[in-house]
Structures are given as structure tokens and as C-alpha cells.
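Biologist: I would like a close look at a single part of this protein, its nonpolar interior. Please take me through that part, and then through whatever in the backbone and on the surface belongs beside it.

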Amino acid sequence: MDYLVDDGLAMAVFLSLRLGKPLLLEGEPGVGKTAAAKALAVALDTPLIRLQCYEGLTAGEALYEWNYQRQLLHIRLAEASGSRLTDADLFTASFLQERPILRAVRHPGPTPAVLLIDEIDRADDEFEALLFEFLGEAAITVPELGTFAAVVPPVVVLTSNRSRDLHDALRRRCLYHWIDFPAPARAAEIVRRSVPGASLPLIRSAADFVGRVRTLDLDKSPGLAETIDWVSALAALGAISLSRSDALSTLGTIAKTPDDRLLVAEAVHQEIS
């Protein structure tokens with residue numbers, strides 16, 4: 001994966017790996033937080049295990065849960081044979097279903113897996129408390145079986161768009177780095193690597209324009225992902241430079257609400273011939 005990293009992010013990733021600490025990446029949507037975790041997994045040649053957070057996310061979906069169907073079948077087979085089962089017979093490792101965090105803890109190595117806990121700010125406050133043991137000790141306690149401690153602790157990357165404040169207890173367990181929107185020249189270099197078929201003048205003009213658009217009062221400022229989509233769309237139309245007609249016809253790649261579309265269209269009319 002071709003991912004450009006600045007000095008600040010490179011140092012944050014290096015320290016996370018060297019110190020064995022989770023890394024919390026924050027920034028506006030579309031600046032490349034998720035892509036950074038993916039690129040890290042590629043660089044380490046190790047599996048990427050992703051937990052996408054959302055409101056209502058439960059421990060059973062993130063940590064582990066029991067295979068109740070298999071347990072019920074086991075009970076019925078025992079009843080049919082006249083056997084009696086205890087809880088110890090039903091709550092064993094064979095009935096345990098791994099979810100992303102437990103899967104990362106039990107990853108055999110030798111290279112640690114990269115665990116991406118994506119958009120942690122979208123989960124409920126209570127969910128963060130479920131992570132404290134794991135983030136601090138690389139371990140998960142299953143009451144019926146005991147504590148699973150990682151033999152090869154995973155590399156943990158958490159991302160947040162700051163839609164809500166995170167608990168101080170979670171932040172204390174992590175190293176921290178803020179990813180800002182890149183300057184237009186750097187954005188152009190990132191887009192060039194992502195859309196190699198696009199002309200350099202088109203890429204530079206689009207990156208410059210998106211940089212200026214971010215200064216507008218938009219509902220959602222376009223990030224790198226939207227810039228890449230826009231240049232891809234323009235290149236698909238055969239554009240080699242940025243024209244007003246092509247920009248207006250592809251606004252849906254960078255303006256994602258009706259109000260934003262009006263503001264960006266006005267900027268196109270003012271700045272692009």
C-alpha cells in the first residue's frame with residue numbers, strides 16, 4: 001500500500017511499536033486515519049483485524065460471545081443419551097466465538113496483528129470501559145474461563161473523528177497523534193500515488209481547489225478520500241486540466257450535502273474558467 005507519512009505520524013507509529021502502546025489517531029474525516037492502520041499492517045506483513053464502531057456496539061460483537069446454538073445442540077444430545085451437563089461442560093473454549101478484540105489477543109504471531117478500532121467516538125461511552133483492561137494489559141477476561149493474555153500483543157490503532165469527547169482513562173492508555181489536512185502540495189503527491197493515470201496539472205489544480213474549499217462554511221469539508229475520488233472522476237472523463245464544466249459535473253464527489261453543493265458550485269464559478 002502506497003501511503004505517504006509525515007514526520008509526526010512516523011514518530012507516533014514508531015513509538016507505539018517500540019513502547020507497545022496503543023495509538024489514538026484523531027482528525028477530520030477523510031485525512032487518512034484508517035488508511036494509516038491499513039498501511040501499517042501491509043508494512044508489517046501481518047493481518048489487519050478491524051472493529052468498526054457504532055452506536056450500540058456490545059461486548060459480544062467486539063470481544064467475544066458464546067455459541068448458544070452449539071450449546072443448545074449439545075444439551076439436546078446429552079438429554080437424548082441420558083447424560084447430565086453442568087455449566088463447566090457448556091462454557092468451554094470450544095463454544096467460545098472470537099470477535100475482533102479476542103481474535104487479536106489470541107493471534108499466534110510471530111508478528112503481532114494490527115487491530116484497528118475504527119471511529120471509537122461513534123460507540124457509546126460505556127463501550128470504552130470495556131476496553132480498559134485490553135488497552136492496558138493486552139488481555140481479556142472471560143468470567144467462565146479466566147483471562148486470555150496476548151502472547152504476542154497486537155499493535156492497536158484507534159481512530160476518532162471527535163464527534164464526542166473520549167474518556168480520559170482511555171486517552172491515558174494510548175499514545176496520541178492528530179492528523180491534519182495536508183497542504184495542497186502534499187495532498188497532490190498523495191493523490192498522484194492513488195490516481196497514477198491522472199495528469200499532474202489536473203492533480204495539482206484539484207488539490208489546490210479543495211484546499212481553498214475547506215475554508216468555506218461547509219457541513220462536511222472534503223478530505224483526501226474525496227479529493228482522490230474527484231480526481232479519479234475527472235480522469236475518467238478524460239480531463240487533463242481542471243475546467244469549470246468538468247468540475248460542476250463531478251461535484252458529487254466532493255460536496256455531500258445540498259448546501260455544500262451550492263457553496264462549492266459558487267466557488268467553481270468564481271475560481272475555475
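Modeller: A residue counts as buried when its relative accessible area is under 20%, as exposed when it is over 50%, and as partly exposed in between. The model shown is predicted. With that cut-off, E119 is buried, because its relative accessibility is 19%. E119 sits in the loop between β5 and α7, and although E119 is not a glycine, its phi is positive, near 55 degrees.

The two elements on either side of that loop lead into the interior. Both β5 (114-118) and α7 (125-137) are among the elements that each supply at least two residues of the largest nonpolar core. That core has 36 residues, and those with the most contacts inside it are I101, I117, F127 and L170. Strands β2 (48-52), β3 (64-66), β6 (139-142) and β8 (155-160) also supply at least two residues each, as do helices α6 (100-105) and α8 (168-172). The element that gives the most is α7, with five residues.

I101 serves as a point from which to view the packing. Leaving aside neighbours within four places in sequence, I101 is in contact with L51, A62, L63 and L115, and also with L131, F134 and I140. Apart from this core lies another one, of 30 residues, which includes A187, I190, A239 and I272.

Two more loops next to core-supplying elements deserve a look. In the loop between α6 and β5 is P110, and the peptide bond that joins G109 to P110 is cis, with omega about 10 degrees. In the loop between β8 and α8 is R162. Like E119, R162 is not a glycine, and its phi is positive, about 60 degrees. The two residues fall into separate classes of accessibility: E119 is buried at 19%, whereas R162 is partly exposed, because its value of 43% lies between the limits of 20% and 50%.

On the surface, M11, F14, L15 and L19 make a nonpolar patch of about 370 Å². L15 belongs to helix α1, which covers residues 7-19. L15 has a relative accessible area of 32%, so it is partly exposed. A nonpolar core is made of buried residues, so L15 cannot be counted in one.

Key:
Residues are numbered from 1 along each chain as its sequence is written. This is a predicted model: local features need pLDDT of at least 70, side-chain atom pairs count only at pLDDT 80 or more; totals for chains, interfaces and linings use all residues. Side-chain values use heavy atoms; hydrogens and water are left out. A nonpolar core is a set of buried Ala, Val, Leu, Ile, Met, Phe, Trp, Tyr and Cys residues joined through side-chain atoms within 4.5 Å. Buried means under 20% relative accessible area, exposed over 50%, partly exposed in between (1.4 Å probe, protein chains only). Helices (H or I, at least four residues) and strands (E, at least two) are DSSP runs, numbered from the N terminus. Contact means heavy atoms within 4.5 Å. Patches are made of residues with over 30% relative accessible area and no salt bridge: like charges are joined within 9 Å, nonpolar side chains (Val, Leu, Ile, Met, Phe, Trp, Tyr) within 5 Å. Accessible areas come from the Shrake-Rupley method with a 1.4 Å probe; for residues, only the protein chains shown count as cover. A salt bridge is a side-chain nitrogen of Lys or Arg within 4 Å of a carboxyl oxygen of Asp or Glu.
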